[in-house]
Amino acid sequence: MKAKTGIILVLVVVFVYVTAEDSDQNVVDDLLVETLVKPEACSLTSEIGDTLQIHYTGKLLADGKVIDSSLSRDPLVVELGKRTVIPGLEQSLVGVCEGQKIKTTIPPHLAYGKRGYPPTIPADAALEFEVEVISLIQATPWQKMVNNVFPLVCLGLVPTLLGLVGLYLYNKASAQRPGKKKTKDKKNKKK
């Protein structure tokens with residue numbers, strides 16, 4: 001029974017692969033990450049909040065045209081979770097280690113979407129990036145706390161601040177103002 005199930009699974013995978021090959025090359029629905037090189041000693045992997053230095057080359061999946069590369073510049077610094085790069089690239093960098101090389105295929109909805117990035121990247125373009133992780137700096141517990149707790153504290157402070165402003169304005173509006181008679185009495189006393 002297990003052999004039949006395995007053969008059926010293989011046939012389904014081959015059918016899906018052949019069907020995908022027959023269809024448009026630019027249609028990619030899911031983020032695909034392939035490891036090209038992984039160091040033997042990979043005990044520390046990246047997590048949200050960590051900082052990576054990477055070299056990358058980005059291409060259009062449809063025709064292989066290079067859209068950007070950092071190889072002639074300093075490595076790009078990416079802090080995971082800060083949305084400094086397109087979502088698909090950021091997601092593919094979670095779980096990598098220093099020295100690792102990956103190739104990631106990014107669907108349009110995790111890249112530049114329906115708008116594209118004219119004139120370099122057309123609308124609904126799938127992208128392919130080859131990335132090398134140069135360095136990995138883990139976030140300290142303090143940084144993780146600040147990144148996770150600080151936004152929540154700020155969200156809590158906004159209603160508190162608005163409440164204090166409202167209370168101040170309410171007290172100011174409801175404070176008794178001296179009437180005209182009291183004002184005249186004060187003027188008469190001064191004379």
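This briefing covers the fold, one pocket, two individual residues and one annotated segment of a single chain. The model is predicted, and every value below was computed from it or, where stated, comes from a record. The chain holds four helices and six strands, which follow one another along the sequence in the pattern α-β-β-β-β-α-β-β-α-α.

**Overall fold**

- Of the 191 residues in the chain, 25% are buried.
- When contacts between residues at least 6 apart in sequence are considered, 70% of them join residues at least 24 apart.

**Second largest pocket**

- The second largest pocket has a volume of about 290 Å³, and among its 13 lining residues those closest to the centre are Y56, D68, I86, Y112 and F129.
- By residue class, the lining of this second largest pocket comprises 10 nonpolar residues, two polar residues and one charged residue.

**T104 in strand β5**

- T104 belongs to strand β5, which spans residues 101–106, and its relative accessible area is 0%, so it counts as buried, the cut-off being under 20%.
- The side chain of T104 reaches the backbone oxygen of L32 at a distance of 3.1 Å, and L32 also appears among the contacts of T104 once neighbours within four places in sequence are set aside.
- With those sequence neighbours left out, the contacts of T104 are L31, L32, V33, L89, S92, L127, E128 and F129; F129 is also one of the residues closest to the centre of the second largest pocket.

**N147 in helix α3**

- N147 lies in helix α3, which covers residues 141–174, and its relative accessibility of 29% falls between the cut-offs of 20% and 50%, so N147 is classed as partly exposed.
- Although N147 and G49 are separated by 98 residues in sequence, their C-alpha atoms are 7.5 Å apart in space.
- Apart from neighbours within four places in sequence, N147 is in contact with E79 and K82.

**Annotated segment, residues 149–170**

- An unreviewed UniProt entry lists residues 149–170 as "transmembrane region", an annotation that comes from the record and may be inferred rather than shown by experiment.
- In the model, residues 149–170 are 100% helix and 0% strand, and the C-alpha atoms at the two ends of this segment are 32 Å apart.
- The annotated residues 149–170 fall within helix α3, which runs over residues 141–174 and also contains N147.

Conventions
Residues numbered from 1 in each chain as written. Predicted model: local features only at pLDDT ≥ 70, side-chain atom pairs only at ≥ 80, totals over all residues. Heavy atoms only, no water. 1 Å grid on protein atoms, 1.4 Å probe; cavity = no way out; pocket = protein on both sides within 12 Å on 5 of 7 lines; lining within 4 Å. Points joined across faces, edges and corners; volume = space filled by probe spheres on them. Nonpolar A, V, L, I, M, F, W, Y, C, P; charged D, E, K, R; others polar. Buried < 20%, exposed > 50% of the residue type's maximum accessible area, 1.4 Å probe, protein only. Polar contact = N/O pair within 3.5 Å; in protein donor to acceptor, adjacent residues only side chain to side chain. Contact = heavy atoms within 4.5 Å.
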